[in-house]
Amino acid sequence: MKREKPQSFNTVPIKERLTIPRQDMPEQDALLRSTNFLEVNLGFTPEQAVIEAQRCIECKNPTCMEGCPVNIKIPDFIQLICNKDFMGAAEKIKEDNSLPAVCGRVCPQETQCEQVCVVGKRFEPVAIGRLERFVADYAMLHGNGSAKTIEKPKPSGQKVAIVGSGPAGLAVASDLIKEGHDITVFEALHEFGGVLVYGIPEFRLPKAILREEVANLEAKGVKFIKNFIVGRTMTIQELMTDEGYDAVFLGLGAGLPRFMNIPGENLNGVYSANEFLTRSNLMRGYEFPEWDTPLYRAKHAIIVGGGNTAMDAVRTAKRLGADEASIVYRRSEEEMPARNEEIHHAKEEGVQFLNLVNPIEFIGDEQGNVVMAKCLRMKLGEPDESGRRRPIPMEGSEFTMDVDMVVIAVGNGSNPLIAQTTPEIETNKWGNIVADDDGRTSMEGVFAGGDIVSGGATVILAMGAGRKSAAAISEYLKEKVGSVT
Ligand SMILES: Cc1cc2nc3c(=O)[nH]c(=O)nc-3n(C[C@H](O)[C@H](O)[C@H](O)COP(=O)(O)OP(=O)(O)OC[C@H]3O[C@@H](n4cnc5c(N)ncnc54)[C@H](O)[C@@H]3O)c2cc1C
Ligand code: SF4
């Protein structure tokens, strides 16, 4: 169906719009913030949001929407901001995205909606992500809209189990609860939110936001059960046969850390990024001694990798008191998969970047603590299958550096538990679940989406996959019973 062009509330003439500079988002001072875990970005003021919204030229063909994996009606919500109807703008986004306060903070807009914004062809693109964050925060501050007033739909009598409470699982819960199904989210950990709580640190995404989103879903009737490992506490078959779930969605994520398989990775002081960030975030290491998870204060912490996980780990190490914290990355900055904003913030906070360097061994002292990293310098060759230039070791370039903490952030794989306990579900050679475009797996009534299917990706892609699965589950349930109101 063709989208209606929204009513324009922008009073600034088109030509003048292009002369308005992109609004800077206030942020904590770099020196100060590298010693605390409070949020770095402080968000737009209402005045800034309106000025930024007025930069939109209301394109006939809004390419920004095509750049968004869940097709948020971007020009529509921007016009509502021009009209200072911030609650209306939040509701408009929520039609397509149930976690705007999260996506406004962590989505890589520079490679999605903002990359294809027409204004961006000659000027800086409209700051769509910052606007999304602004209206989502505004709505949270002012009661978050509809949770209390929502009319509960007629119960369908059908039960759906969602395994995993990351963005994929939450997106499925949000869509299916509207249809009157009985929804339960099972989570292995003791907090809900997946990577959003155990991986992404407080200074990028405050946990209070996730708690509020979970509370909203609870208010709408979604049940949440923690410390429940599907495949151990109960299998998928038991959920379906003994507990009567009509369908199951698997949003298990890709939480199994990968290592480099080089000597010395088992020394004390060498962590996977997963363990390091979980200790700090989920087990509140960053609030020691109020919380009793101690984390080591390093003299020189190196973080191996160049993605968002590596940036989160290095900035966490710095905040935990490391005298020096360095990124060690085998390619150049241009090839780094991390968001530009994170690289920029890390540099401002004093993180060192050792690019075109690859560790080949970690060396320990007599007590088994890591004390040194042996590395090689690299140069770049032709692009490989990832499209990035291939790193090639430079002969005779070996050198060592003193380190007392190492965090390996070179990617994650899939946990094999479900494949081991439910052989009916087909997995591929990387252990990811094989599912069609709508999330159907090889097991009747079982759907999957997010990182467990795609491998490590992004929050918005996980949510998009969740929404597609929700639609397919809905169809499946209708067929199963014959009618769903
Ligand atoms: C440190 C870090 C930083 C990141 N930064 C960004 C960023 O800035 N922007 C961005 O877009 N993306 C980022 N990502 C990627 C993004 O977080 C993921 O793509 C996304 O969270 C995947 O969502 P998901 O729902 O598939 O899985 P997850 O978020 O991994 O959630 C899966 C959940 O399932 C639970 N689970 C697993 N197995 C079971 C089981 N057997 N029983 C019960 N529960 C189970 C897990 O405990 C977990 O809570 C980052 C990832 C990491 C690790
Ligand atoms: S592409 Fe940019 S300018 Fe055009 S409608 Fe979208 S946000 Fe506005």
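# Helices, sheets and a ligand shell

Q: Which residues of helix 9 and helix 18 meet?

A: Helix 9 brings Pro167, Ala168, Ala171, Val172, Asp175 and Leu176. From helix 18 come Val459, Ala462, Met463, Gly466, Arg467, Ala470, Ile473 and Ser474. Contact means heavy atoms within 4.5 Å. Helices (H or I, at least four residues) and strands (E, at least two) are DSSP runs, numbered from the N terminus.

Q: What should I know before reading on?

A: The model is predicted: local features need pLDDT of at least 70, side-chain atom pairs count only at pLDDT 80 or more, and totals for chains, interfaces and linings use all residues. Residues are numbered from 1 along each chain as its sequence is written, chains are lettered from A and ligands numbered from 1 in the order in which they are written, and side-chain values use heavy atoms, leaving out hydrogens and water.

Q: How many nonpolar, polar and charged residues are in the contact of helix 9 with helix 18?

A: First the classes. Ala, Val, Leu, Ile, Met, Phe, Trp, Tyr, Cys and Pro count as nonpolar; Asp, Glu, Lys and Arg as charged; the others, Gly among them, as polar. This contact has ten nonpolar, two polar and two charged residues.

Q: At what angle do the axes of helix 9 and helix 18 cross?

A: Axes are lines fitted to C-alpha atoms, for helices over the stretch in contact, and angles run from 0 to 180 degrees between N-to-C directions. Helix 9 (residues 167-177) and helix 18 cross at roughly 40 degrees, and their axes come within 7 Å. That makes helix 9 oblique to helix 18. Angles under 35 degrees count as roughly parallel, over 145 as roughly antiparallel, 65 to 115 as roughly perpendicular and the rest as oblique.

Q: Is the crossing of helix 9 and helix 18 left-handed or right-handed?

A: A crossing is left-handed if the near helix is turned anticlockwise from the far one by less than a right angle, and right-handed if clockwise. Helix 9 passes helix 18 in a right-handed crossing.

Q: In what order do the strands of the sheet with strand 16 run?

A: Two strands pair if DSSP finds at least two bridges between them. The order is 3-2-1-4-16, in an open sheet of five strands with parallel pairing. Strand 3 (223-225) and strand 16 (446-448) are at the edges with a single partner strand each, so one side of each lacks a neighbour in the sheet. Neighbouring strands are turned by 20 degrees against each other on average, direction ignored.

Q: How many bridges join strand 1 to strand 2?

A: Five bridges join strand 1 (residues 159-163) to strand 2 (residues 182-186). Lysine 159 has aspartate 182 in strand 2 as its bridge partner. Helix 18 (residues 459-481) packs on this sheet and touches strand 1, strand 4 (247-250) and strand 16. Its direction makes about 170 degrees with that of strand 4.

Q: Which strands are the edge strands of the sheet 6-14-7-8-9?

A: This is an open sheet of five strands, and its pairing is parallel. Strand 6 (270-272) and strand 9 (352-355) are the edge strands, each pairing on one side only. Strand 9 is joined to strand 8 (residues 324-329) by four bridges. Valine 328 has leucine 354 in strand 9 as its bridge partner. Helix 13 (residues 273-280) packs on the sheet, touching strand 6 and strand 14 (405-408).

Q: Do strand 11 and strand 12 run parallel or antiparallel?

A: Strands of a sheet pair through backbone hydrogen bonds, either parallel or antiparallel. Strand 11 (residues 370-383) and strand 12 (residues 389-393) run antiparallel, joined by four bridges. Lysine 379 stands opposite isoleucine 392 in strand 12. The hairpin has five residues between the strands, and glycine 387 takes a positive phi near 85 degrees there.

Q: At what angle do helix 3 and helix 5 pack?

A: Helix 3 (residues 46-53) and helix 5 pack at about 130 degrees, with axes 8 Å apart. The two helices are therefore oblique to each other. Their crossing is left-handed. Ala49, Val50 and Ala53 of helix 3 meet Ile78, Ile81 and Cys82 of helix 5. By class, this contact has six nonpolar, no polar and no charged residues.

Q: Which residues are around ligand 2?

A: A residue is near a molecule or strand if one of its heavy atoms lies within 4 Å of it. Around ligand 2 are Cys56, Ile57, Cys59, Pro62, Thr63, Cys64, Pro75, Ile78, Cys117, Val118, Val119 and Ile128. This shell divides into eleven nonpolar, one polar and no charged residues. Helix 4 (63-66) and helix 5 (74-82) each supply at least two of them.
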